[in-house]
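Please look through the sequence and the model below before reading on, and keep both in view as the explanation proceeds.

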Amino acid sequence: MKLFRLLLMAGMIASAAQAKVCVVTTLTDLADFTREVGDDLVEVRSLATGIEDTHGVPMKPSFVPVMNRADLIVLVGFDCEHAFLPALLEASKNPRIQKGNVGYVDCAKGITPLDVPKSTDHSEGDVHPYGNPHYTLDPVLAKTAVAEICDALVAFAPEHEAEFKRNRDAYLAKLDAKIAEWKTEAAPIKGAAFVSYHEHWPYFAKRFGLKYFGTVELKPGIDPTARHIEELVSSMKAEHVPIVVGEPQFPEKVPRLIAEQAGVTLVKLPIMPGGVPGTDTYIEMMDYIIKTMVAAVKK
Ligand SMILES: [Zn+2]
């Protein structure tokens with residue numbers, strides 16, 4: 001009996017040592033960051049694949065068992081995932097990842113939001129009630145999310161603290177080197193104005209010195225009206241705005257029409273890894289964004 005217990009304990013210890021931290025992220029950028037920090041100590045699954053609206057990732061029945069098994073849920077925050085995450089958390093019946101518990105990892109914790117509206121309710125369809133949640137498109141702010149993910153992994157699996165922190169530091173150093181490179185590359189687009197479909201780009205524009213002229217949407221989450229499009233086109237012409245950004249999350253028809261009417265360049269930019277081919281990681285995605293914008297301005 002004693003031997004059996006000992007064997008059982010040894011088995012439990014061995015399986016605990018092999019068990020990976022099971023992490024679910026809402027978006028693909030957060031999954032990439034988690035893989036960088038967790039390496040082979042984590043098993044990561046993103047709910048989004050890269051082409052979904054960050055505010056409305058379509059819910060699949062397969063998400064529920066995945067969320068049920070998760071040790072951590074990593075999210076953008078600022079209510080970005082309001083339309084799908086609360087319902088999934090409830091359906092998961094997993095106490096570890098509920099809001100307020102250690103498994104609920106809100107990456108916005110250290111971020112000061114831009115464009116905070118006066119009202120914080122969703123009644124008018126506004127999907128940015130606590131300010132703009134698309135801060136990871138600024139690679140400097142993305143570093144804050146990386147740090148937050150590392151802290152959460154350490155809190156969950158303190159026995160791996162040294163490894164998580166080593167991986168985090170290595171990735172942050174890699175990001176720092178890329179940020180310096182992106183700033184140099186982006187020098188020709190400094191001051192360039194652009195519009196986009198959804199309000200994804202204020203943090204990006206601020207970091208790289210671009211002028212974010214406006215959006216095709218009337219307000220975040222609210223479809224454009226004919227009058228809004230007409231006014232946008234005429235102000236773009238008057239101010240010589242050279243670029244319209246269409247995100248893969250939204251239909252290309254209206255941005256294309258605006259580009260034609262205003263006589264400007266339409267570019268398609270990913271807002272998370274996987275949004276367009278060749279952008280599987282965050283670094284690849286930022287490389288793609290900078291290169292595409294520079295090429296569009298030079299046109
Ligand atoms: Zn948004």
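The paragraphs that follow describe a sheet and then two pairs of helices in this predicted model.

We can begin with the sheet, which is open and consists of four strands in the order β6-β5-β7-β8, with parallel pairing. Strands of a sheet pair through backbone hydrogen bonds, either parallel or antiparallel. At the edges stand β6 (211–215) and β8 (265–268), and each has a single partner strand, so one side of each is left without a neighbour in the sheet. On average, neighbouring strands of this sheet are turned by 30 degrees against each other, if direction is ignored. Strand β5, residues 193–196, is joined to β6 in the parallel sense over four bridges, and Ala-193 has Lys-211 in β6 as its bridge partner.

The next step is to the helices α5 (residues 139–156) and α6 (residues 161–185), whose axes come within 10 Å and cross at roughly 175 degrees. Because angles over 145 degrees count as roughly antiparallel, α5 and α6 are roughly antiparallel to each other. Among the residues that meet here are Val-146, Ala-147 and Cys-150 in α5 and Phe-164, Leu-172 and Trp-182 in α6. The contact of α5 with α6 has 13 nonpolar and five charged residues, but no polar ones.

A second pair is formed by α8 (residues 226–239) and α9 (residues 253–262), with axes that come within 9 Å and cross at roughly 40 degrees, and these two helices are therefore oblique to each other. The crossing in which α8 passes α9 is right-handed. Its contact includes Ile-229, Leu-232 and Lys-237 of α8, together with Val-254, Ile-258 and Gln-261 of α9. By class, the residues of the contact of α8 with α9 are seven nonpolar, one polar and one charged.

Methods
Residues are numbered from 1 along each chain as its sequence is written. This is a predicted model: local features need pLDDT of at least 70, side-chain atom pairs count only at pLDDT 80 or more; totals for chains, interfaces and linings use all residues. Axes are lines fitted to C-alpha atoms, for helices over the stretch in contact, and angles run from 0 to 180 degrees between N-to-C directions. Angles under 35 degrees count as roughly parallel, over 145 as roughly antiparallel, 65 to 115 as roughly perpendicular and the rest as oblique. A crossing is left-handed if the near helix is turned anticlockwise from the far one by less than a right angle, and right-handed if clockwise. Two residues are in contact if their C-beta atoms, placed from the backbone, lie within 7 Å. Ala, Val, Leu, Ile, Met, Phe, Trp, Tyr, Cys and Pro count as nonpolar, Asp, Glu, Lys and Arg as charged, and the others, Gly among them, as polar. Two strands pair if DSSP finds at least two bridges between them.
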